[in-house]
Amino acid sequence: MNTINVITKFKTEDECIDHLISLRWPNGVCCIKCGGLNVTEMRIEASKRKNGKFIPARRLFRCMNEGEKCFGYQFTAKAGTIFDSSHLPLKLWFMAIGLIVEAKKGMSALQVARHLGMEKSYKTVWYLCHRIREAMQESGFEFLTGTVEVDETYMTPRKPRKGHPKVKKQEEMVVLGMRQRGGPLRLIPVKTSRMVHIEPEIVKHISPDAMLQTDKAMTYDIIGRRLFVNHRMIDHIRTYGEGENHTNTVESAFSLLKKGVYGAFHKVSIKHLGRYCNEFSYRFNRRGNQAGLFDATVKGLVNGKALRFKSLIASVSESPSDASQ
């Protein structure tokens, strides 16, 4: 589902609604109040009121389950979803989703705005992109098993070039990476690289029966002896790898994340770091399946909790733990 396919498949609002219905109700449209399948569809043509206000065409569903309190209740395919509270047409939503899921290194809101022809509505597009990222989260949870590589990286702003004014010192942004070889990737923002913040995440995400693969940092040495039967360490002072003893696969994921943050976004806030980490790991785990990635993201928007603009810009404590919520 690349950009060309999205533009070709979803040329009209009706085609977008049909796709939304097929994803939301694969077994047939049901009432969003009682769940009954006895529902009829009504089409209301576009009209113009006496005051000159234009009312676009609508597709309504009506509950026909007699005996239920919601008998006669009318709703749309977007009712109860994030799309219902948005003034943007579904066509623009689907184009933005297609652009973001296709961009291997991510895409900034300014670039998305240029693609959508909404250069004068940057705030709207920025909010749109964050709502899409909010939907890019794993629905289920499974422990990472087998050989699991663990390492951390620092997302601190790059040093200024010679002759440029020094930037104000910022708090370090640490991302813990856990990659199951041949399996999923997890990128988790943590407050610091100390054991008090690293250990709980390892316990939460990695099976104690797994082979823990790390470097020789003291933090991982203690965690490995305390929690894991199988723990293998590579000495990065001497070499990057010795056969199966390496952390190259999680390092490659860090490389992709940094190329996206430094190259596409240039700078991200600690407050939103968790959402960007979710985007990169979600897309990385579904690489090679663009159609499935597109539909999974739309389902996440349909079933997920709405991200309110007030909470997005709220002046809260800028900590990675808040960003990952």
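Trainee: In which helix do E279 and R283 both lie?

Mentor: This is a predicted model, in which local features need pLDDT of at least 70 and side-chain atom pairs count only at pLDDT 80 or more, while totals for chains, interfaces and linings use all residues. Residues are numbered from 1 along each chain as its sequence is written, and side-chain values use heavy atoms, with hydrogens and water left out. The side chains of E279 and R283 form a salt bridge at 2.8 Å, N to O (a side-chain nitrogen of Lys or Arg within 4 Å of a carboxyl oxygen of Asp or Glu). These two residues are four apart, about one turn of the helix, and that helix (a DSSP run of H or I, at least four residues, numbered from the N terminus) is α9.

Trainee: Which parts does the salt bridge of E279 with R133 tie together?

Mentor: The closest N and O atoms of E279 and R133 are 2.6 Å apart. Because E279 belongs to residues 273-285 and R133 to residues 122-135, the pair ties together parts that are 146 residues apart in sequence, namely helix α9 and helix α5.

Trainee: Is E279 buried or exposed?

Mentor: The terms rest on relative accessible area with a 1.4 Å probe and protein chains only: buried is under 20%, exposed over 50%, and partly exposed in between. R133 has 2% and is buried, and R283, at 5%, is buried. E279 has a relative accessibility of 0% and therefore counts as buried.

Trainee: Which residues are linked with E41 in a network of salt bridges?

Mentor: E41, partly exposed at 38% relative accessibility, meets R43 in a salt bridge of 3.9 Å, N to O. The network links E41 with D14, D18, R43 and R59.
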